[in-house]
Amino acid sequence: QVQLMESGGGLVQAGGSLRLSCAASESIFNSKGTAWHRQAPGKQRELVARIYGSGTTDYADSVKGRFKISRDRGMRTLYLQMSDLKPEDTAVYYCSAGHVQLSWGQGTQVTVSS
């Protein structure tokens, strides 16, 4: 199973930016399961952004226009550029990927202070 590891989280003030990265042990980010998710305390995990093999992207309404998902040409690193961050964006962010079975990273904490 592919190994995924997120990085780039941290503490940022509202209105700030962060870029998350997800490194994979193999070229996997052309799979249909390629996405970023987040889970805030006391809430269910939610899909934040997805990128398809074609390069088409899809975003949760709450992050449209502020977040951008992308990947490198080698399909081994996935990014999430987050701008104009809000306190409600505070969560643990996870990347996922997989053609049949989804693999998940362990998550990276993003905290946005008001």
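## Ground rules and overall build

A residue counts as buried when its relative accessible area is under 20%, as exposed when that value is over 50%, and as partly exposed in between. Cys95 is an easy case, since its relative accessible area of 0% makes it buried. Keep in mind that this is a predicted model.

On the whole-chain level, the protein has eleven strands and zero helices. Reading from the N terminus, the order of elements is simply β-β-β-β-β-β-β-β-β-β-β. The C-alpha atoms fill a box of roughly 40 × 25 × 20 Å along the principal axes. The radius of gyration is 13 Å, which agrees with the value near 13 Å that a compact globule of 114 residues would have.

Of those 114 residues, 44% count as buried. The accessible surface comes to about 6100 Å², and carbon and sulfur atoms own 46% of that. If you like contact maps, take the contacts with a separation of 6 or more: residues 24 or more positions apart account for 54% of them.

## The disulfide

There is one disulfide by the count used here. Cys22 and Cys95 form it, with their sulfur atoms 2.0 Å apart. The torsion about the S-S bond is about 55 degrees, so the disulfide is right-handed. Cys22 belongs to strand S3 (residues 18-24) and Cys95 to strand S9 (residues 91-97), so the pair ties together parts that are 73 residues apart in sequence.

Cys95 has already been placed among the buried residues. What about its partner, Cys22: buried or exposed? Cys22 is buried too, at 0% relative accessibility.

## The nonpolar core

The largest nonpolar core has 29 residues, and the ones with the most contacts inside it are Leu4, Trp36, Leu80, Met82 and Tyr93. Several strands chip in with at least two residues each: S3, S5, S7 (67-71), S8 (77-82), S9 and S11 (108-113).

Leu4 is worth a closer look. Leaving out residues up to four places away in sequence, its contacts include both disulfide cysteines, Cys22 and Cys95. Leu4 also touches Ala23, Ala24, Ile28 and Phe29, and among its other contacts are Ser96, Ala97, Ser103, Trp104, Gly105 and Gln106.

## Two hairpins in a row

Strands S4 (residues 35-39) and S5 (residues 46-51) run antiparallel and are joined by four bridges. Within that pairing, Trp36 stands opposite Ala49. Six residues sit between the two strands of this hairpin, and Gly42 there takes a positive phi near 75 degrees.

S5 then pairs onward with S6 (residues 57-59), again antiparallel, through three bridges. Here Ala49 stands opposite Tyr59, so Ala49 faces Trp36 in the S4 pairing and Tyr59 in the S6 pairing. The S5-S6 hairpin has five residues between its strands, and Gly55 shows a positive phi near 100 degrees.

## S11 and its neighbours

Which side chains of S11 point to the buried face? Thr108, Val110 and Val112 do, whereas Gln109, Thr111 and Ser113 point to the other face and are not buried. As a general matter, side chains in a regular strand alternate between the two faces of the sheet.

S11 pairs with S2 (residues 10-13) in the parallel sense, over four bridges. In that pairing, Val12 stands opposite Val112. S11 also pairs with S9 in the antiparallel sense, over three bridges. There Tyr93 stands opposite Thr108. Tyr93 is also one of the residues with the most contacts inside the largest core, and Thr108 is on the buried face of S11.

## Backbone oddities

Two residues other than glycine have positive phi values worth checking in your viewer. Met75 has a phi near 60 degrees, and Met75 lies in the loop between S7 and S8.

Asp84 has a positive phi of about 50 degrees. Asp84 is found in the loop between S8 and S9. With a relative accessible area of 42%, Asp84 counts as partly exposed.

Technical notes:
Residues are numbered from 1 along each chain as its sequence is written. This is a predicted model: local features need pLDDT of at least 70, side-chain atom pairs count only at pLDDT 80 or more; totals for chains, interfaces and linings use all residues. Side-chain values use heavy atoms; hydrogens and water are left out. A disulfide is a pair of cysteine sulfur atoms within 2.5 Å. Buried means under 20% relative accessible area, exposed over 50%, partly exposed in between (1.4 Å probe, protein chains only). Two strands pair if DSSP finds at least two bridges between them. A nonpolar core is a set of buried Ala, Val, Leu, Ile, Met, Phe, Trp, Tyr and Cys residues joined through side-chain atoms within 4.5 Å. Contact means heavy atoms within 4.5 Å. The radius of gyration is taken over C-alpha atoms; the globule rule is 2.2 Å times the number of residues to the power 0.38. Accessible areas come from the Shrake-Rupley method with a 1.4 Å probe; for residues, only the protein chains shown count as cover.
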